[in-house]
Number of protein chains: 2
Amino acid sequence: MAGTTRAFAGKRCLITGGLGFIGSNLAHRLVALGARVTIVDSLIPAYGGNLHNIDHIRDRVHVNISDVRDPHAMQVLVRGQDYIFNLAGQIGHLESMEDPQTDLRINTEGPLTVLEACRRYNPGAKVLYASTRQVYGKPLHLPVDETHPLQPIDCNAVSNIAAEHYHRLYSAVHGLRTVCLRLTNTYGPRQMMKDTQGRYAFIYYWIRRIIDGEPLLVMGGNQTRDFTYVDDCVGALLLAAAEPQADGEVYNLGGEAMSLRSLADLLIQVAGGGRIELMELPAERRAIDPGKVYLSYEKIRRELGWEPHVGLAEGLSRTIAFYRQHRDRYWNAADVAEQQIDALQIVRPGDDLPPSAPS
Amino acid sequence: MAGTTRAFAGKRCLITGGLGFIGSNLAHRLVALGARVTIVDSLIPAYGGNLHNIDHIRDRVHVNISDVRDPHAMQVLVRGQDYIFNLAGQIGHLESMEDPQTDLRINTEGPLTVLEACRRYNPGAKVLYASTRQVYGKPLHLPVDETHPLQPIDCNAVSNIAAEHYHRLYSAVHGLRTVCLRLTNTYGPRQMMKDTQGRYAFIYYWIRRIIDGEPLLVMGGNQTRDFTYVDDCVGALLLAAAEPQADGEVYNLGGEAMSLRSLADLLIQVAGGGRIELMELPAERRAIDPGKVYLSYEKIRRELGWEPHVGLAEGLSRTIAFYRQHRDRYWNAADVAEQQIDALQIVRPGDDLPPSAPS
């Protein structure tokens with residue numbers, strides 16, 4: 001992956017959802033590689049956007065508060081960009097079942113609006129899309145490779161499938177260079193922590209509880225999942241962006257696979273203590289639970305040379321250390337919101353643009 | 001199919017897009033079968049809705065002008081219905097490429113809004129969805145069966161794929177009874193004729209031109225397509241509605257297959273005269289043209305006993321006869337719009353509901 005360290009120097013990169021978990025980790029890496037980064041985020045309160053996610057790089061990125069469903073904003077923002085990371089999304093599976101229209105608008109119409117803006121105003125940009133392993137539904141075989149049928153069992157997966165199709169179509173018909181990555185359970189620093197219900201994912205929820213000395217609620221426990229540390233996920237995004245042979249393709253990511261029960265044990269071991277409470281999987285979750293699922297990442301390994309470098313024990317250790325240090329910036333939703341208003345002052349109108357912003 | 005003649009007597013049926021081509025032909029059949037029919041249509045001017053499509057059954061159906069994207073209207077209208085035919089849609093492939101967001105909202109968010117209304121207020125209804133053979137893209141093999149990969153090459157196909165997934169998901173997760181039919185080129189009486197550009201389909205465009213004594217513009221000509229006469233399409237919708245074993249399934253329709261050049265020759269023969277002008281397929285159409293494509297309808301034949309009964313020569317003959325008789329109600333967009341305003345008086349507020357309306 002040595003090529004990717006040079007591919008982004010001086011390049012203009014737009015990251016939608018750039019104040020969220022994966023987007024902000026990507027922004028950190030791109031800044032380190034010398035890229036000129038513009039972050040787009042709508043900071044929808046319930047979601048994972050957090051201005052503290054760009055602490056330490058605030059003076060080296062341009063932040064634009066807007067929604068990917070806004071065609072006017074997107075038409076301006078995509079111009080001149082070399083790489084566009086189309087990451088903004090509503091990631092809740094339960095949310096998608098309760099309000100599928102909002103899920104559809106954010107996750108399908110949003111990315112489509114970015115693609116349309118590119119087609120009209122920047123057809124030379126390369127566009128990366130982050131999809132989800134949920135598109136496969138309940139696996140017919142394991143590990144799940146990219147040829148597995150798409151049989152979604154939650155609305156969030158449908159909205160991601162449609163967005164994938166648009167990316168592939170804009171490549172096949174309009175000649176845009178697009179790549180779709182199907183992400184599995186991604187974890188690490190800068191993930192949302194303010195949600196105390198574990199509605200978007202269980203891993204951050206467990207990490208929060210173990211840091212707070214509360215028991216880990218293991219719902220079911222026999223479900224197997226695979227996990228990608230966020231730095232490895234960011235590495236895949238950069239590689240797929242830098243490699244022309246990825247154009248028009250879709251790739252699974254992946255990582256170490258483990259049952260939820262074993263993961264809870266590992267987390268307790270890494271954290272130096274903790275306990276488990278077992279409970280039944282509630283009906284609303286059981287209806288959309290895919291059971292045992294982990295992905296084959298053989299295609300991206302073979303074609304682009306990607307593989308995960310950070311194992312679960314190491315990744316969980318780094319993640320716990322990060323949150324123990326930065327608890328105040330992530331724990332309470334009200335604090336996060338208030339701090340964001342302060343932090344937003346860095347992008348008040350009239351300020352000179354930061355050095356890395358497109359001119 | 002004898003069972004379907006009794007299945008609908010006294011049943012409440014909602015048809016979205018019911019003033020359009022297929023919806024209105026379905027309404028005629030359902031009225032004849034003794035059903036209590038409510039038609040929903042937004043009469044978007046460019047599309048195929050036409051109040052003259054329900055001439056002769058106006059006093060036996062209830063017409064409600066509203067948009068399937070309107071959750072409030074849908075929540076009221078789905079209640080108490082036994083069968084819901086989720087047919088409203090934007091059908092233009094070229095349109096979908098020019099304005100994919102509108103296509104997505106009408107074709108995905110619209111049907112989803114109907115499904116959501118059913119989930120909340122009428123989970124016992126059976127819902128039929130009309131999708132398109134375009135979901136397959138350029139065929140990898142012929143005939144195309146339901147297991148063929150979905151590789152859409154136009155945005156309209158993506159919006160249909162997403163709507164299909166929602167229907168199947170609402171069946172698998174929420175227990176709604178839904179069926180998706182993938183329609184091929186459907187033709188017959190009550191199809192839109194006011195579009196003089198052939199933007200939505202070539203077959204009505206050719207029929208219009210041959211009736212007007214104008215040459216048939218054959219773009220390319222070697223493309224093969226299959227054709228379903230609208231009565232056969234309506235028969236499939238009724239059969240899939242009446243048969244419990246169809247629940248949760250997706251079925252191709254189909255019909256007689258022919259090259260466009262041969263179809264033009266047949267049309268001239270049936271009409272008793274006419275001529276052809278050959279031209280190249282324009283670039284914007286070539287980009288989204290699937291080439292040679294026809295579907296296998298073996299699955300619906302085997303499982304539900306459906307097969308087409310009206311061949312192309314007979315179907316074209318009936319269609320030409322219909323339009324020669326009713327030219328004034330279909331030809332000019334301005335006339336159609338004006339007549340519709342007059343015709344709308346039949347559903348002015350305060351009128352007693354017609355006998356077939358839900359009480």
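**Helix H9, the open sheet and the chain contact**

The buried residues of H9 in chain A are Leu260(A), Leu263(A), Ala264(A), Leu267(A) and Val270(A). They cover an arc of only 130 degrees around the axis, which puts them on the same side of H9(A). An α-helix has 3.6 residues a turn, so residues three or four places apart point the same way. Before I go on: this is a predicted model.

How does the length of H9(A) look? The helix runs over residues 260-271, twelve residues, and at 1.5 Å a residue it should span 16 Å; the end C-alpha atoms are 16 Å apart, which agrees. After the helix comes Gly272(A), with a positive phi near 85 degrees.

What do the buried residues of H9(A) pack against? Two helices of chain A, H7 (202-211) and H12 (312-326), and four strands: E8 (216-219), E9 (224-229), E11 (256-259) and E12 (276-279).

Take E8(A) from that list. Its side chains alternate: Leu216(A) and Val218(A) point to one face and are buried, whereas Leu217(A) and Met219(A) point to the other and are not buried. E8(A) pairs with E12(A) in the parallel sense, over four bridges. In that pairing Met219(A) stands opposite Met279(A).

Now the open sheet. Chain A has seven strands here in the order E3-E2-E1-E4-E5-E6-E10, with parallel pairing. E3 (61-65) and E10 (250-252) stand at the edges, each with a single partner strand, so one side of each has no neighbour in the sheet. On average, neighbouring strands are turned by 20 degrees against each other, direction ignored.

At the E3 edge, the partner is E2 (residues 36-41), and E2(A) and E3(A) pair in the parallel sense over five bridges. One bridge joins Val37(A) to Val61(A) in E3(A).

Which helices lie on this sheet? H5(A), residues 100-121, packs on it and touches E1 (12-16), E4 (83-86) and E5 (126-132), with a direction at about 165 degrees to that of E4(A). H6(A), residues 155-172, lies across E5, E6 (177-183) and E10 of chain A, at about 155 degrees to E5(A).

Last, the second chain. In the contact between the chains, 21 residues of chain B meet 21 residues of chain A. On the chain B side, the elements giving two or more residues are H5 (100-121) and H6 (155-172) of chain B. What is the make-up of that side of chain B? Its residues divide into 15 nonpolar, four polar and two charged.

Technical notes: Residues are numbered from 1 along each chain as its sequence is written. Chains are lettered from A and ligands numbered from 1 in the order in which they are written. This is a predicted model: local features need pLDDT of at least 70, side-chain atom pairs count only at pLDDT 80 or more; totals for chains, interfaces and linings use all residues. The expected span of a helix is 1.5 Å times one less than its number of residues. A residue is buried if 20 or more other C-beta atoms lie within 10 Å of its own, exposed if 12 or fewer, and partly exposed in between; C-beta atoms are placed from the backbone. The arc is that of the directions from the helix axis to the C-beta atoms. Two residues are in contact if their C-beta atoms, placed from the backbone, lie within 7 Å. Two strands pair if DSSP finds at least two bridges between them. Axes are lines fitted to C-alpha atoms, for helices over the stretch in contact, and angles run from 0 to 180 degrees between N-to-C directions. Ala, Val, Leu, Ile, Met, Phe, Trp, Tyr, Cys and Pro count as nonpolar, Asp, Glu, Lys and Arg as charged, and the others, Gly among them, as polar.
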